[in-house]
Structures are given as structure tokens and as C-alpha cells.
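Visitor: I'm new to protein models and would like to stop at just one part. Please choose a sheet, take me through it slowly, and then show me what else is worth looking at.

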Amino acid sequence: MPHPVRKRANGRPAYCIHIMPWADDVSGNRSKQYNAHMNMYVSNVNLPHRKLAQEYFVRFCSTSPHASSSEQFEALSEDLGAYDCQIQSEIVFQIHGHLLPADNPQQAESNSNAGANANQWCCGDNTGGTAEECESDDGYHALFGSGTPRQPQDTISIIKEQIWTAGLGVQDAIDKIQTSTGVKDKTALFWIQKIIEKANLMQCLEREAIKVEIKKVIQQQLFEWVLTQPPERYKQLSAEVIACKCLRPGDHYNILLDVLGLNPHQDSPCEILHTVLPGIDKYLWHGTNKVWDKKQDTTFAIRLQSSSIDGLTLSPVRAQYLVQYKNSLIGKHFKALQQLRVFHLHDANGELRAMLWYPEIKEIDTYLNDLQILLDNVLDLWGVVDPMRILTKYKLHVLAILFSTEVFECWNAVFQLCSVLSNHQAPIFDITTTLADMEHFKHQVSGGWWKSGDRYIQAGDKVRNFLKNHKALQRHLGWAEFSTLAAGYVKSHSIKKENPSAWANVLGQLSSIHLPHDAMVKSWVQCKFIVSRSHDICKPGSWVFFESKLQGVAILAAKEDASAKKDSTIVIIEQFNISAGAGHRLNMPILTQTAIVKAISPMAVLFIFNAQHDCDSLKCSVADIPVKQGRDMTSRTHTAVIHADDSRWILNMHALHNAHLIRETLPSDLWEPKHYFHDQLAEHKKFAAQAREIGQPKQLESRAKAKATRSKNQKSKKGKQADLPTIPEEVPEEGLLTKSPGRETL
């Protein structure tokens, strides 16, 4: 027999494409009034990571205000046809799910998980248990690592057990299974509720005479009934599938649990955006500033505003705004704080975040080992601050499973505009039509092929070049080309601002650098910036690594008659020594000034980095300075930090930009992470003891309240049973029970 794929391909080449589906609830409005839609987007993970971070490569899949994400996932399991422009032939490709990134609520649905309210609340493993188990020494220590991985087969077995148990008509039995196992499938929940309702109604027909065997008969009958649901799909099944008498994925439980090659429990990383920025960073920021008074707010704002952002790819820091609205910050604010606040406060996990946003990983084993140490340090320090936090905050346990999904969140703005500008008569149809037209346009202008009659065609050269040559269109479609500026490129000032001067006049005290005699007699101008080998824009005063792997401040100079040519430009580097900062409170490399100044070629500049003045060691003071409005200085003043001198700086190891290049360049002893606690198990036992002291009184109080509530409910239930109406004898649905001369049977 031919292979099923070969049979379906029918002579066409067959390929596999790995995709990353992303689903979340999105508002169709841009205002605060929520207009819920469940959206699904996909990305082709065969593309490089730099491409996946661009909106252009996000593909709209489906949207609905009614259908859940589980229902929308079903359409992704089919093979699709396409055209391969390289071999100029029709092809067929299979779609394979590779990752299922999502926020915590959506991740729980994709994994058929009950979430934080269950005992075993982790989607990826069986970590957790009752409050007593979690507060024990072994149980508490287990929360700091990964437990036994969950498997789809085990989850499906628990879902089947819940559907079978529902035939008894007892909701508490279902709740007990869900709470103890952490498995709660949204698709199965629909049928569980129906089965419980039917079971209660059928049992009421023989309330007085019902026996255990009758309950089992009803349970079996309801299980066989649910196999025939939904009726329209059951009629389409083959005789072989019907004879199996098994629950079917998609119809009765989460289809993702049965997708070949996909394990939702292990392939569902959490979003960095929600887990780290508005998650851990938010906890840390709130715990820090909630005890501040106005004076401390002002002091922090002044210090934060003095931070250098050169080499951080950040917009200007609005420190006063961050402090004034400190309880309403969003992701970009936390991204700025995580890179700068450590120099003005004590931070615990800034270095971890720098490694989480690595754009490129060369040594995966080394990276994972260092990342695990930093994760352990973060969790250990949270145990020092609040030993109960890891028991109540799910995000701390899932720190090891993260994925960046900001591009999908950004793409929501495209959907919202389509929703706002729809005709509002058939909004879903209008939105999907608009997005489909946009996909058609992207396909055509990017050189895609489509079928016209019996042959495949593509747009002409002018149409294809339109996107390539128009930067505005690229920005609208979310396509960002890699830096078009070549390494070593030099940007000059305008002719009016050049002011050509002799070598000594341009550089002042640095003019003692030895140059060839013919260069000394020429006129020079100061340039605007150069482009490093990593395509960073380096301006005068930037901190850079150059070819000899020493740190310095770059000052640019070029010939008077140069037109931004590399051979007519000299970069003046003031060299700094770098040393370990083990004795410093930040444990970052220290940069100290030397008297060495060098002249190098622009091509020798490797990359830019961020350094902060060591104000703490040099005791920098604050003073009132004039405020500049536009280009003019005013008589108004504001308080700012005045740096004592420029002899000592700190290399910012919490910076996100070029974090991987910094660690590749520096010796490992300058940045290699180390555990805060040598004996983690012993420390975790101390945390567990503190957690028991805090948690056990709360548990006793909670149990007492629950007992009182149950007693009150039982008394109320007994009072209502006396007024129950007479139950009718007719059966609500034909075929569920048939009368025999003896007793009710199937």
C-alpha cells in the first residue's frame, strides 16, 4: 500500500512546515469598552528568529466572538496545497504545530489545565499538591525546579475518567478530580455538564428504589450517548471509528492533546511579556515603591533621570512620569526600569532578564547552564523576601519556560483597526475580508505566485520592486530590513556645521596622538556617527569594544574633503581598563580611566555597549541646573546629578542590547553567574519552615469557615427538600430508558 502522504500528494512533492499558532482574547475596540474576540495568528517557525520578530511575518488565521480557541485549532490539522516557485511545481505540505506560546489563562486552556486554583497547577509538570504537601520540606523544595513532565496520554486518561464519573451525576466528584490532578478540559466540560444534568434527571425517576447497579447502568448509557455527540459529526464517521467506541479529539476533548508531534504540556512556553514584565518586575517594583514617601520618590526620579541610555535602544527616560504614575506602568516602562534601576536601587533579577532576551545563542549548553543558575538565584531571593510567594504566584514556577510573543501583541493593533473601521453590520465578515485582502497584497508585492487558469503567475517587476523600494510601505506592513548601513560607514555633519580645523584644534588635549606627517597637516572635521561591525550607530562619547577587546569612548574625526569614506576617517578611542567588580555591590565589571588614547579605523569598532557612572563610589552630588527648552537655556532650574569625575564607570550587564556580544567578548570570570546559596536544599527547608508558620494558621481559619458554610448549606438544603415538587414519570429524551416487565433497563 502507498504511504498515506504519498497517496494524498498524488505525485506532488510533499513538505512539512512547522508553525507557531498563537491564540488570545482581544478587544475589537481601541477604547476601554471591551469587545471580546478570540483571535488566532500563526508564524512559520522555519524562518530565522529576526524575521519572526517582525509583524510582516505574522499571518492572520481566524477570529470569532463565539468560537473558543480549541474550536479554532481544529482547522490547523489539515494538509494544504501550494506552489513552489523554485522547482516550479505544485506541492503539498503538512502543518505541524511546533510551539504554543500564550499567556497564562490561554495556556491553561490549550493544556487542558485547571490553572492556579488546582493543587497541581503547573501546565508542564505535576508539581504542587495540597497546602500541607507544598509547605513540607520536600514539597517546598520541589517548587524551585521541574517535576514529572505531563504527557498528553495521561491527560486524556484523566479527561475520560471525568466524563465517565459524570455519569454518576455528582459534580463534587468531578471537582475533586480536577482539583487533585489539575486537569480541566474546556471541550470535555461542555459534555460533563450535560451528562450530570441527564444523570440527575434519570436518577430522580427512581429516587426511592435506585441501587448501585442502576447507577452503573445509567453511567454506561450516558457514556455511550456522549459517543454519538455531536450528531452531525457522528453521522460522518466510518464504521471502523464507530466500532472503537472511543472519545474523539476535537469532539469530546482538546484536539491539541492528540496532534502528532505536539505535546502541549512541554511545547507551551509562557510569554515573557506577561510573565516577566507585568509579572515579576511588577511585583518587585510595587514591593519597592509602596513604602516610599514623596521625598524618596523625588530622589529616585532625579537619580534615574541622570542615567545614560546610550547603547540601550531606549527612548528618553521620563523619570518623573514613571514615579508619578508608578502604579500604572506598562511593558516599555518596566523594560527601561529593569536596565537602569539597579544602579539606584538593589535589584535581584536584572541579569536574568538580559539573558532572556538573547537574540542569538551560539553555545546552547553553556547558555542553559547559566540561565538555570540565574533562575535559581531569582527564586531563592524571592524566598528570602517572601517565602509564601512561590506558593501563591504561578509565574515564579514557570520562569524556566518562556518565549517572546510581543510581535503577536503588536499585531492586535492591526486587528483592532480593521474592527473599528468595519461596517458594523457583519463585522466578523468585514474584518476577515479586509485581513485576507491584506494577505493577498503582501503575497503579490513580495513576489508570491498564484494560480490563474492552468498555470501559476506572479506580479511584474515593477510591482515586486514597489515594496522593496518604498520604506513607508514596508513600515506599514511591519517589514523591517536589517540595517542597510554598511559596517564602517561614516556620517558627516552638514556642510554648514563642519567647521574644518587643524588636528590640534579639533581634538584639543587628545591631539598628541601620533599620526603620519601628511595627516597632521590636513584639515579635519568632527563627524556625526559611524556604524560598527554589529551595525550599531556609534556617536561621539559612545562606549564601544574595538578590535583589541578593550573598552573606550569613541570620538570621531574625518578629513575635510571626505564623503563618508572609511579610508578617510580616524576614530579616536580613549582606552579604559576593565576589571572584575566582585567587591562592588552590583557585581559588574568596573571601567577605570587610563591615559592611553588610540587612533583606529572605523572597521575596528566591534559593537556599542552601555556604561553607567559609578555615582555610589564617587559620591556624586545633586545641584540645580538651568532648564533647556528647545535650543534655548531658560532661567528655570531643575535638580540633577553632577558627576564628580569621569574616572570610574560600571559596565551595565543588565542591558538587553548586545548582551550576547558582551558575554562573548569578556572573559567568563567577569560575568559568569554564581549561586547565591551553596546549599539550596538547606535554605529551602528554612523557607518551608517559615511558610508553615505563616500558612498553617490561615489554613485552620479557612477550614473553620468552610465547615461553618457547609453546615449552613446543609440546613438550608434540608428545608428546601420538604417543598420539592412531584417528579414526572415521562422520560425527557426518547431512547434513554425502556420499560421491561421487571425493572427499568437499557
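**A three-stranded sheet and its surroundings**

Guide: Of the chain's 746 residues, 44% count as buried; buried means under 20% relative accessible area, exposed means over 50%, and partly exposed is in between, using a 1.4 Å probe and protein chains only. This is a predicted model, so local features need pLDDT of at least 70 and side-chain atom pairs count only at pLDDT 80 or more, while totals for chains, interfaces and linings use all residues. Residues are numbered from 1 along each chain as its sequence is written, and side-chain values use heavy atoms, leaving out hydrogens and water.

The chain has 30 helices and 22 strands. Those are DSSP runs numbered from the N terminus: H or I over at least four residues for helices, E over at least two for strands.

Now for our sheet. It is open, with three strands in the order β10-β12-β13 and antiparallel pairing. The edges belong to β10 (490-491) and β13 (537-538); each has a single partner strand, so one side of each is left without a neighbour in the sheet. Strands of a sheet pair through backbone hydrogen bonds, either parallel or antiparallel. Here, two strands count as paired if DSSP finds at least two bridges between them. β10 and β12 (residues 529-531) are joined by two bridges, and Val490 has Ile530 as its bridge partner in β12.

Step back a little from β10 and you meet Ala487, in the loop between α24 (471-477) and β10. Ala487 counts as buried, at 17% relative accessibility. Its C-alpha atom is 5.3 Å from that of Val531, though the two residues are 44 apart along the chain. Links across the sequence turn up in the contact totals too: among contacts between residues at least 6 apart, 68% join residues at least 24 apart. Contact here means heavy atoms within 4.5 Å.

For another pairing, try β20 (residues 621-629) and β21 (residues 632-642), which run antiparallel over eight bridges. Asp624 has Thr639 as its bridge partner in β21. This hairpin has two residues between its strands, and Gly630 takes a positive phi near 65°.

Elsewhere in the chain, Asp614 sits in the loop between β19 (611-613) and α28 (615-618). Asp614 is buried, with 1% relative accessibility. Its side chain makes polar contacts with two other side chains: Ser617 at 2.9 Å and Arg648 at 2.5 Å. A polar contact is a pair of N or O atoms within 3.5 Å; within protein, one must be able to donate a hydrogen and the other to accept it, and residues adjacent in sequence count only if both atoms are side-chain atoms.

Finally, look at the nonpolar packing. A nonpolar core is a set of buried Ala, Val, Leu, Ile, Met, Phe, Trp, Tyr and Cys residues joined through side-chain atoms within 4.5 Å. The largest one has 57 residues, and Tyr140, Phe300 and Ile390 are among those with the most contacts inside it. Helix α13 (residues 272-289) gives the most to this core, with eight residues. Setting aside neighbours within four places in sequence, Ile390 is in contact with several residues, including Trp121, Tyr140 and Leu379. Apart from this core lies another, of 25 residues, with Trp191 and Trp225 among them.
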